[in-house]
Amino acid sequence: MDVPDLHRRAVDSFGERVRLIGDDQWHMPTPCSDWDVRDLVHHLTYEAAWTPAMFAGMTIAEAGDRFEGDLLGHEPQQAWERVSAPAVAAVNEPGAMQRTVHLSFGDFSGEFYAGQLFAD
């Protein structure tokens with residue numbers, strides 16, 4: 001299984017959907033009853049924002065609160081575009097799948113982390 005390719009395809013596919021969201025659709029429900037469309041896009045934008053830092057070896061403590069708050073702002077589609085390409089690039093760096101990534105619940109391989117991102 002080519003995890004970087006799966007991740008890239010998932011990011012591309014999600015990006016296609018984000019670009020189709022109309023101004024009047026951001027507060028529509030999703031299958032997750034706790035999240036509307038904006039919440040879902042924010043969640044994946046948040047995950048993508050973390051990705052380069054995690055693949056660079058940063059710990060959660062070192063990252064601090066730099067990714068907290070409203071990452072979408074008034075331009076949610078552009079926010080997704082800003083973070084998605086660097087996330088894909090980080091996952092596709094040579095050796096990224098063998099790196100140790102320091103997650104909140106332990107240290108794991110880059111392949112494990114990218115698989116988690118893909119599944120999300």
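Q: Helices (H or I, at least four residues) and strands (E, at least two) are DSSP runs, numbered from the N terminus; in what order do the elements of the protein chain run?
A: This is a predicted model, in which local features need pLDDT of at least 70 and side-chain atom pairs count only at pLDDT 80 or more, while totals for chains, interfaces and linings use all residues. Residues are numbered from 1 along each chain as its sequence is written, and side-chain values use heavy atoms, with hydrogens and water left out. Read from the N terminus, the protein chain follows the order α-α-α-α-β-β-α, which amounts to five helices and two strands.

Q: How compact is the protein chain for its length of 120 residues?
A: The radius of gyration is taken over C-alpha atoms, and the globule rule to set beside it is 2.2 Å times the number of residues to the power 0.38. For the protein chain the radius is 14 Å, close to the 14 Å that the rule gives for 120 residues, so the chain is as compact as a globular protein of that length. Along the principal axes, its C-alpha atoms fill a box of roughly 40 × 30 × 25 Å.

Q: What percentage of the residues of the protein chain count as buried?
A: A residue is buried under 20% relative accessible area, exposed over 50% and partly exposed in between, with a 1.4 Å probe and protein chains only. By that scale, 38% of the 120 residues are buried. Met 54, in helix α2, is buried at 2% relative accessibility, whereas Gln 78, in helix α4, is partly exposed at 39%.

Q: Which residues touch the most other members of the largest nonpolar core?
A: A nonpolar core is a set of buried Ala, Val, Leu, Ile, Met, Phe, Trp, Tyr and Cys residues joined through side-chain atoms within 4.5 Å. The largest one here has 32 residues, and those touching the most other members are Val 41, Phe 55, Trp 80, Met 97 and Tyr 113. Two or more residues each come from α1 (3–19), α2 (37–55), α4 (76–91), β1 (100–103) and α5 (110–119), and the largest share, nine residues, is that of α2.

Q: Which residues are in contact with Trp 80, leaving aside its neighbours within four places in sequence?
A: Contact means heavy atoms within 4.5 Å. With those neighbours set aside, Trp 80 is in contact with Val 11, Phe 14, Gly 15, Val 18, Leu 44, Thr 45 and Ala 48. Val 18, found in helix α1 and buried with a relative accessible area of 1%, touches Trp 26, Val 41, Gln 77 and Trp 80, again not counting residues up to four places away.

Q: What does His 7 touch, not counting residues up to four places away in sequence?
A: His 7 lies in helix α1 and is buried, with a relative accessible area of 4%. Its partners are Ala 87, Val 88, Val 91, Ala 114, Leu 117 and Phe 118. For the protein chain as a whole, 59% of the contacts between residues at least 6 apart in sequence join residues at least 24 apart.

Q: How far apart are the C-alpha atoms of Met 54 and Thr 100?
A: Sequence separation and spatial distance are read separately. The C-alpha atoms of Met 54 and Thr 100 are 46 residues apart along the chain and separated by 8.8 Å, while those of Gln 78 and Phe 118, with their positions 40 residues apart along the chain, are separated by 21 Å.
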